[in-house]
Structures are given as structure tokens and as C-alpha cells.
Amino acid sequence: MVSHVAVIGLGVMGGALARNLARKGYHVVIYNRTHSKAENFLRHYGHEGKFTRASTLNDVLCKLPTTKIVFLMLSAGKAIDIVSDELVAEAHKRLEGDQLSIIDGGNSFYKDTMERCKRYDEKGVEFIGLGVSGGKEGALLGPSLMFGGSERGWEWTHEVLEKIAAKDFHGKPCVTRLGPNAAGHFVKMVHNGIEYAIMGMIAEIFNLLRATIGDRGLGISSDSLLEHPDLGGFLLELMRHVVRKRELGSGHPLVLDKIKDIAGHKGTGLWTCQSALELGCPIPSIQAAFEERAMSAQYAVRSVYSDAMKPSGLKTTVSAEGLMNRVYGALSLAIRQAFSQGLILIRVASKKYEWDIDVQQCTRVWEGGCIIRMPLLREFETRPKETLDKKTKGLIPAKEDPDEPPTADEITREVWWAFSPEFRKIAFDKKRHHQLQELIHTFVDAGIPCHVLSSTLNYVTQMCHERMETIPYIQAMRDGFGGHGFERIDLDGRYNLEWTIHAEE
Ligand SMILES: NC(=O)c1ccc[n+]([C@@H]2O[C@H](COP(=O)([O-])OP(=O)(O)OC[C@H]3O[C@@H](n4cnc5c(N)ncnc54)[C@H](OP(=O)(O)O)[C@@H]3O)[C@@H](O)[C@H]2O)c1
């Protein structure tokens with residue numbers, strides 16, 4: 001039974017996690033590079049449980065029993081290497097037969113985590129990449145935890161992690177071993193990517209609602225989206241407060257109107273997009289949400305454009321009720337598409353890096369504590385009864401060489417058909433697809449941009465066409481200028497043509 005744990009880094013997340021651990025009865029050894037932060041922490045929260053302050057990293061190890069579990073809650077990057085290297089060196093100098101688990105609970109880049117797991121494994125230390133979601137409140141009251149590491153690392157630490165995690169819809173801890181090394185950090189990264197997409201979609205919808213039905217309808221609209229059986233969840237709940245928050249003083253303006261239109265991002269959204277491009281896996285809803293934030297930094301460009309082409313302030317004629325109906329259908333489909341894109345990316349990476357991640361476990365640990373928690377995650381709990389068959393076009397043809405790994409395309413199809421019928425019924429629904437089309441019309445009529453929703457619509461519309469009609473044009477042009485060749489539908493092999501039509505012909 002574990003009695004003591006250590007937390008290194010008492011910033012926003014580390015401080016909250018240390019308090020969570022103490023409230024669960026653990027004796028928590030705390031350390032922070034800037035010592036005054038640790039002293040401050042003790043002054044404010046020391047009464048909440050058993051805390052001991054360590055003065056050096058070596059002191060952290062000395063204050064722990066033979067089973068040493070150390071959480072690093074540090075800024076991602078060099079800090080993790082600096083602190084882990086020192087911990088491992090100190091442990092090696094003086095402690096034989098101890099079990100040292102270092103849990104990196106920050107948003108580290110998954111490739112760094114892979115490298116660290118390998119490096120520290122050679123030294124007999126369990127290095128664990130733990131995705132932690134839920135922000136400060138989650139870390140304090142129960143976060144969603146995405147574990148990546150060895151089976152032995154899980155054996156050494158799961159008792160503690162299960163105690164501090166949030167609970168899923170069935171009361172089980174929102175933590176499980178998702179796979180070896182960087183599996184947990186990859187899943188957390190994609191979780192953040194999905195979060196970008198959903199936030200983008202919701203923001204676009206409220207912007208449209210405000211422009212069309214006005215401020216007074218915002219509160220009621222947010223309530224109805226939150227209570228809709230196909231929607232709901234933490235982000236819509238948050239939005240309910242956002243659209244009601246007013247400043248004190250004359251006129252009580254919405255606080256939203258005082259916030260600068262520059263969005264921040266800290267790396268995980270960018271890494272999700274980069275990883276998807278590297279793995280050849282389309283995630284247009286997430287890419288669009290990231291691009292939208294990048295565009296927000298181009299204030300000077302927007303100022304030039306808006307001088308040259310002032311928006312014409314077009315008006316839409318749709319009724320408030322008609323608009324809300326479009327919104328319910330469109331948003332319920334679009335959010336499921338964002339989940340689907342993210343989960344497919346996880347499976348594609350899992351195949352490449354041999355993590356063997358079960359996407360159903362990812363959605364289970366997202367049921368509580370995390371930012372993208374929402375009732376629809378229940379739809380991932382059941383597996384479809386039907387197996388992949390020709391009728392559903394889900395059949396994956398047998399490989400001539402059974403050892404040959406499946407392509408990203410085959411994995412995509414496999415993941416889609418592993419989703420439950422309830423999920424597919426909404427995500428594949430013709431009526432909702434039509435409502436998304438109509439909603440995009442409304443945006444266009446109103447002259448309002450909708451990066452994320454329109455990218456989602458394009459993705460769905462494209463995927464509804466078995467043949468991609470644009471690609472032959474692209475292939476022909478590539479062959480025309482670069483002699484890249486093309487494949488034919490009717491014949492095997494690769495072909496080159498002389499495409500330029502000369503006058504004398
Ligand atoms: N904030 C969130 O909502 C959230 C949610 C999920 C995950 N995360 C991730 O969790 C991690 C921690 O985030 P946070 O918000 O708690 O950050 P934070 O408040 O900025 O705290 C960062 C901590 O890292 C320490 N640190 C930085 N560089 C160091 C170094 N070279 N050596 C030793 N210590 C160093 C800082 O120590 P000093 O006090 O001495 O500077 C501080 O204790 C990050 O990876 C973040 O991406 C954050």
C-alpha cells in the first residue's frame with residue numbers, strides 16, 4: 001500500500017494535484033524550484049492534509065519510502081529532462097532495490113515521452129507519460145487521466161491514480177493504462193485537438209445566434225443546447241455562463257465584448273495537426289479550429305482587408321425557431337465528427353507506434369473530469385452487434401501478406417464500424433447533414449465566417465462521395481507538369497501522357 005507520494009512543481013496544476021492527493025489521505029512531499037512558492041502553498045493549504053516540504057530533489061527522494069512515486073507537474077520541454085535526469089542520477093547514487101516511478105503529468109510532446117521512456121527504462125526507472133485533463137478544478141476534484149507506460153509502471157502506480165481520478169458514468173475511475181510509453185500523452189494531445197474543434201464550433205454558433213436573434217436570446221439558446229438529448233456536456237455548460245456574464249456598471253455590457261480577439265494556444269493543438277499531417281490522417285475540423293486561432297494573431301492583415309472590403313452586413317430571413325432546429329441537428333453531427341476524426345487519428349498512430357490503444361477506453365476515461373466530457377460519450381460504450389461485412393461496406397479485404405500492416409484508410413474504416421449504431425445514427429444522419437448544410441447557408445447569408453463547421457461539412461460531404469471527382473484533375477495536372485504518372489480505373493499499372501494540346505494538332 002502506497003502511503004507517500006511526491007509532487008514536483010506547485011504551479012496551477014501541481015498545487016491542485018498535491019491537494020487532491022492529500023485529501024485522499026496520502027502524505028505528500030512537495031518541492032518547487034522557486035522555494036517561496038512551496039512556502040506559500042503550505043501557508044494556504046497546509047491544513048488540508050499531510051505535507052512535507054523538500055529542499056532539494058535529493059531530499060524529495062530521501063523523504064519517500066522504498067516505493068517512490070514522483071509526479072512532475074512542470075512546464076513541458078527541458079524542465080522535464082532537467083528534473084528527471086537529476087532524480088534518476090540521485091536515485092542511482094544511493095538507493096538500491098527501490099522502485100522509482102516518475103510520472104510526467106504535463107502536456108509533453110509524445111515523441112519526447114517516447115524517448116524519455118526508453119532512456120529511463122535502461123536505468124530501471126519507470127517513466128510514465130500521464131495525460132491530465134480537467135484544468136485546475138479537475139486536478140483538485142478529480143481529473144481524467146490518460147496513462148502511458150509499462151505494465152510494471154501501471155502496477156506500481158495505479159492504486160494512487162485510481163484514487164485521485166474522476167469517475168466515469170458507472171462510478172469507475174477515469175484512468176486506465178492506454179498503452180506503453182507515449183500512448184497517454186498522444187491521447188491527451190488529441191483530446192485537446194478535439195477540444196479545439198468543439199470550442200470552435202460552439203463559438204461559431206453563438207456568434208451567429210447573437211448576430212441573428214440578438215443578445216436576449218443567448219441565455220435561452222445556451223440552456224436548450226445544454227439540455228438537448230444529443231448535446232450537453234461541460235463546454236456547453238461553460239458557455240451558458242459565458243453568454244450571461246456581464247460587467248458591473250453602466251449598461252452592463254457582456255464581458256465577451258471586452259475580451260481582445262486574440263486566441264492563445266500552448267502546443268497541443270499544433271502538435272495534433274502536425275502529427276495528423278505526418279500520419280496522413282485527415283482531421284479537418286481540428287485543423288480549422290487551429291487555423292482560426294492562428295488567424296486571430298493576424299490583426300494587421302484583418303485591418304487591411306476590412307478597410308478594403310467592409311463586410312456588407314447581409315441579413316438572414318430564417319426564424320429563430322428554424323435556426324435553432326438547424327443548430328441542434330448540425331452541432332450534434334459536427335461534434336461527433338470531431339470525436340471520430342480524433343479517435344481515428346489515435347488508432348492510426350497506435351498502429352504505427354504499436355501502442356494497441358483501445359479507443360473505447362479513451363472515451364471511457366473522458367466521461368468524467370475532462371474538458372470534453374459530455375453525455376454522448378455513452379454512445380461509445382456499446383460495440384456494434386454486426387461484424388464488418390460486405391453489405392455495410394465495412395469489410396476489410398484479406399491481405400495477400402497477412403503481416404503487412406493495414407493502411408491508414410483501412411484503419412479509418414475499421415474504427416468507423418467499431419462505433420456503436422447509436423453514434424453512427426447521428427454522425428451519419430442524412431437529415432442532420434442537411435441541417436448542417438442549411439446552417440452554413442445561414443452563415444453565408446449573414447456574412448459570418450464559420451471555419452470549423454464549414455470544414456466539418458466539407459469533410460462529411462466529401463466522404464459521402466465514394467469517388468473524389470477533383471482528384472483526377474489534380475493527377476492529370478501533376479502528370480502534365482511533372483510527369484508524375486497516374487493510375488487508371490480500368491487498367492493495371494502507372495501511366496504517363498503528353499497533356500499539352502499544340503495548335504497544329
Ligand atoms: N493549466 C492547465 O489548465 C493545464 C491543464 C492540463 C495540463 N496542463 C499541463 O500541466 C503542466 C503544468 O502546467 P501549469 O499550468 O501548472 O504550469 P505553471 O503554473 O506555469 O507551473 C509550472 C511549474 O513548472 C516549474 N518549472 C518550470 N521550469 C522549470 C525548470 N526548468 N526546473 C524546475 N521547475 C520548473 C515552475 O517552477 P517555478 O515556480 O520555479 O517557476 C512551476 O512550478 C504543463 O505541461 C501544462 O501544459 C495544464
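**The N-terminal stretch, the ligand shell and three helix pairs**

Over residues 1–18 the chain is 39% helix and 28% strand, with the end C-alpha atoms sitting 18 Å apart. This comes from a predicted model. UniProt, in an unreviewed entry, lists that stretch, residues 1–18, as "signal peptide".

Next comes the ligand. A total of 23 residues surround the ligand, and the closest are G11, M13, R33, T34 and G106. Three helices, α1 (12–23), α4 (78–94) and α6 (135–141), each chip in with at least two residues of this shell. Sorted by class, the shell around the ligand comes out as 10 nonpolar, nine polar and four charged residues.

Now for the helix packing. Two packed helices are described by the angle between their axes and the distance between the axes. Take helix α9 (residues 218–227) and helix α10 (residues 234–242): they pack at about 165°, and their axes are 9 Å apart. Angles over 145 degrees count as roughly antiparallel, so α9 and α10 are roughly antiparallel to each other. Their crossing is left-handed. On the α9 side the contact is made by S222, D223, L225 and L226, and on the α10 side by L236, E237, M239 and R240. That contact of α9 with α10 breaks down into four nonpolar residues, one polar and three charged.

Further along the chain, helix α11 (residues 268–279) packs on helix α12 (residues 284–296) at an angle of about 135°, and here the axes are 10 Å apart. At that angle α11 and α12 are therefore oblique to each other. The crossing of α11 and α12 is again a left-handed one. G269, L270, T272 and C273 of α11 make the contact together with I286, Q287 and F290 of α12. Between α11 and α12, the contact residues split into four nonpolar and three polar, with no charged ones.

The third pair is helix α14 (residues 320–353) with helix α16 (residues 408–418), whose axes come within 9 Å and cross at roughly 130°. That crossing angle makes α14 oblique to α16. What is the hand of the crossing where α14 passes α16? The crossing is right-handed. From α14, the residues S340, L343, I344, R347, V348 and K351 meet A408, I411, T412, V415 and W416 in α16. By class, the contact of α14 with α16 has seven nonpolar, two polar and two charged residues.

Put side by side, the three pairs read as follows. The α9 and α10 pair is roughly antiparallel, whereas α11 and α12 are oblique, and α14 is likewise oblique to α16. As for hand, α9 and α10 cross left-handed, α11 and α12 also cross left-handed, and α14 passes α16 right-handed. On charge, the α9 and α10 contact holds three charged residues, the α14 and α16 contact two, and the α11 and α12 contact none.

Notes: Residues are numbered from 1 along each chain as its sequence is written. This is a predicted model: local features need pLDDT of at least 70, side-chain atom pairs count only at pLDDT 80 or more; totals for chains, interfaces and linings use all residues. Axes are lines fitted to C-alpha atoms, for helices over the stretch in contact, and angles run from 0 to 180 degrees between N-to-C directions. Helices (H or I, at least four residues) and strands (E, at least two) are DSSP runs, numbered from the N terminus. Angles under 35 degrees count as roughly parallel, over 145 as roughly antiparallel, 65 to 115 as roughly perpendicular and the rest as oblique. A crossing is left-handed if the near helix is turned anticlockwise from the far one by less than a right angle, and right-handed if clockwise. Two residues are in contact if their C-beta atoms, placed from the backbone, lie within 7 Å. Ala, Val, Leu, Ile, Met, Phe, Trp, Tyr, Cys and Pro count as nonpolar, Asp, Glu, Lys and Arg as charged, and the others, Gly among them, as polar. UniProt positions are given in the numbering used here, feature names are shortened, and annotations may be inferred rather than shown by experiment. A residue is near a molecule or strand if its C-beta atom, placed from the backbone, lies within 6 Å of it.
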